[in-house]
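Let's take a friendly walk through this structure together. Keep the viewer open as you read, and turn the model as we go from place to place.

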Amino acid sequence: MDIQNTIQTLRDELNQHNYNYYVLDNPMISDFDFDLKLKQLQELENNNPEYFDENSPTQRVGGAITKNFETVPHEYRMYSLDNSYSKEELADWEKRVQKNLGDVPLEYFCELKYDGASISITYENGKLKRAVTRGDGFQGDDVTNNIKTIKSIPLQLKGNYPDKFDVRGEIILPFAGFEKMNQELIEIGETPYSNPRNTASGSLKLQDSSEVAKRPLDCLLYFIIGNNLPFDSQQQGLETARNWGFKAPTQAKLVRNLEEVYDFIDYWDVHRHQLPYETDGVVIKVNNFHHQQELGFTAKSPRWAIAYKFKSEQVSTRLNSISYQVGRTGAITPVANLEPVQLAGTIVKRASLHNADQIEKLGICVGDTVFVEKGGEIIPKIIAVDLTKRPEHSIPTTYITHCPECQTVLVRNEGEANHYCPNFYGCPPQIIGRIQHYISRKAMDIEGLGGETVALLFNNGLVHNYADLYELKVEQIRHLERMAQKSADNLVKGVANSKNIPFERVLYALGIRFVGETIAKKLAKHYKNIDVLCQASFTELVLVDEIGERIAKSVIEFFENQENRIIIERLKEYGIQFETVENINPNATNILIGKTFVVSGVFEQFSRDDLKMKIEENGGKVGNSISAKTDYVLAGINMGPAKLEKAVKLNIPIISETDFIQLINEN
Ligand code: AMP
Ligand code: ZN
């Protein structure tokens, strides 16, 4: 097969696998195999630039930077939808429709109303041409580079499609992905995003498309528009779009009268809480395109469609007290402790109050009856106070002035919403949080030591900072609660092993505010050595790729601090890596970083030890037994049946020696 054919075959295969995974939610290949194919394709494309294709699956990783998004007109205007809030309003709408159409039998297509940002995407000859935000409905911003990174959006269509048409869909951020993004922000001391909808819509306008590629965005299709479309109803349109490769949610339903519309609404008003993403209503569309055409549009919306908005479920309950939590970076979060109450299928006991401004805005007092609502976030929020129920003599809330954990006077920086406890080195939750971050998987990945044990060690006076971990002796810890000889041995061994962790991860582990994994990598790559980094000035730092003023300031503050310097000196003495090691081994790569392998059976080309060495050389880890932490089982001949059974049960991909060698050699 010639190169061009190989490239095309790989592209088709990868497109199909993306489709299986992101649209059908039914992967047919392991991530490892997928990465392997993608790397193969990337390499072929690099070596044969004449076959470059802007719609190749390799382009999904992004990288294009857009400083100013170009404003472009929509070929077909993007209308808004009229809203309704009651069944009576829907009945009025139906009357208007019937009056316009004469008494013809009608079919309605009911869809959920997805809560995100709308997008219009133009396809030409089956290829994604351009993606534009809604803007004012007449023109929007060209965000094509960002949209291409969303894996459920096809870059190349399948089957028979018209030459040119637009699709309309909603860009959303599913709850799980949103929570994960927030978890990562909290880890580096950033403020988490407030809700999935705003985060999704903000993502479309990020300048660096590789940042968009990292966000778990999704696109749900709800409309196709163009000339000579091969269908004449909304239902057929979505069905056809699915065959072309789009994700159009299957909850949508064709119904024949308003009663059935009401049933659809009632059903989803309850069951929408089980969907993986946020919905805020139902959209009812007259199904037949000829009817739609006859009905036409008002100045701002189609007459043939209407949105029904769900009432967000609210309950009222009593505010028993307000407590204040101190995070790893010292940020204070006020939390409302509520009289437990049932809301949208769960019992709610607590709600976030965000910050002092929010408390003031609500004018909330302990003892108040408050309205609680579940929005896009998992944590419920307090909407308002029921002033009619306020007890006499209730006392206005005054925000705390001192840290509840260490009694230090709190500070609030100009322009920031949160108060901070500045006692960075003496405030227990800050100390514990910093050590927990240091040992975490993406940082020093210390095996045998977990978050609770860190708290235990701190509370027993054994560690005050992460450098102290390296002084721990088995005798000191084996008698602690929930500890034993073996777990104590493992802990000390795990700590010692962290001396092999490369500089970029050490830098991340230090817990410098705003220095996440990516920034740590950039800094390590640029400065190569902690001593050089320590001396970098503000002007130098901001010149480094992706380092802005806020990060630069934070880095400087960190290294100016005497205590940090002492800790770093100590870590150096213990042998922690504070330099980028140039690869002395030409075979070594990072491709297996974060992956744990279990090697089992007899192999043909290499010995088992050789294979283990290759895993480690490439950044992976070798585990002894199969567990939920195993990422891959590298299986030879005669792998034990018990092991095989366990791997299958835990759904761990099993790869052959040939697969493995192929991947390693590619790099
Ligand atoms: P509004 O923003 O309230 O005018 O509502 C109109 C918006 O709802 C559209 O621009 C779409 O972004 C969004 N929407 C969400 N789901 C659907 C759907 N199933 N059909 C049509 N529009 C939808
Ligand atoms: Zn404190």
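**Starting from one glutamate**

E471 counts as partly exposed, because its relative accessibility is 39%, and partly exposed covers the range between the buried limit of 20% and the exposed limit of 50%. Bear in mind as we go that this is a predicted model. You will find E471 in the loop between helix 13 (451–459) and helix 14 (474–477). Which residues does E471 touch, leaving aside its neighbours within four places in sequence? Its contacts are Q476, R570 and Y574. With Y574 there is a polar contact from side chain to side chain, at 2.5 Å. For a sense of scale, pick H273, which is 198 residues away from E471 along the chain: the two C-alpha atoms are separated by 49 Å.

Staying with loops, move on to R482, in the loop between helix 14 and helix 15 (485–497). R482 is not a glycine, yet it has a positive phi of about 60°. F514, in the loop between helix 16 (503–509) and helix 17 (517–527), is not a glycine either and has a positive phi of about 70°. Are these two residues buried or exposed? R482 is exposed, because its relative accessible area is 59%, whereas F514 is buried, because its relative accessible area is 10%.

Now turn to the sheet. Five strands form an open sheet in the order 2-11-10-3-9, and their pairing is mixed. Strand 2 (83–84) and strand 9 (253–255) are at the edges; each has a single partner strand, so one side of each lacks a neighbour in the sheet.

Strand 3 (108–114) is a good place to look at the pairing in detail. It is mostly covered, with seven of its seven residues buried. Strand 3 runs antiparallel to strand 9, and three bridges join them; here Y108 stands opposite V255. Strand 3 also runs antiparallel to strand 10, this time with seven bridges, and C110 stands opposite I284 of strand 10.

From I284 you can carry on across the sheet, since the bridge partner of I284 in strand 11 is I306. Strand 10 (residues 279–286) and strand 11 (residues 305–309) run antiparallel and are joined by five bridges. Helix 9 (residues 258–271) packs on this sheet, where it touches strand 3, strand 9, strand 10 and strand 11. The direction of helix 9 makes about 25° with that of strand 3. Helix 3 (residues 87–101) lies across strand 2, strand 3, strand 10 and strand 11, and runs at about 175° to strand 11.

Our last stop is a metal site. Which residues are the protein donors of the zinc ion (ligand 2)? They are C403, C406, C421 and C427, each through its SG atom, at 2.2 to 2.3 Å from the ion. Along the sequence these donor residues follow the spacing C-x2-C-x14-C-x5-C. Why is the arrangement around the zinc ion (ligand 2) tetrahedral? The angles subtended by the four donor atoms are 101 to 114°, and four donors count as tetrahedral if all angles lie between 85 and 135 degrees. Of the donor residues, C403 and C406 are both buried.

Conventions:
Residues numbered from 1 in each chain as written. Chains lettered and ligands numbered in written order. Predicted model: local features only at pLDDT ≥ 70, side-chain atom pairs only at ≥ 80, totals over all residues. Heavy atoms only, no water. Donors = N, O, S within 2.8 Å, 3.2 Å for Na, K, Ca; no water. Tetrahedral: all angles 85-135°; square planar, octahedral: opposite > 155°, others 65-115°. Buried < 20%, exposed > 50% of the residue type's maximum accessible area, 1.4 Å probe, protein only. Pairing = 2+ DSSP bridges. Helix = DSSP H or I, 4+ residues; strand = E, 2+ residues; numbered from the N terminus. Contact = heavy atoms within 4.5 Å. Axes fitted to C-alpha atoms, helices over the stretch in contact; angles between N-to-C directions. Polar contact = N/O pair within 3.5 Å; in protein donor to acceptor, adjacent residues only side chain to side chain.
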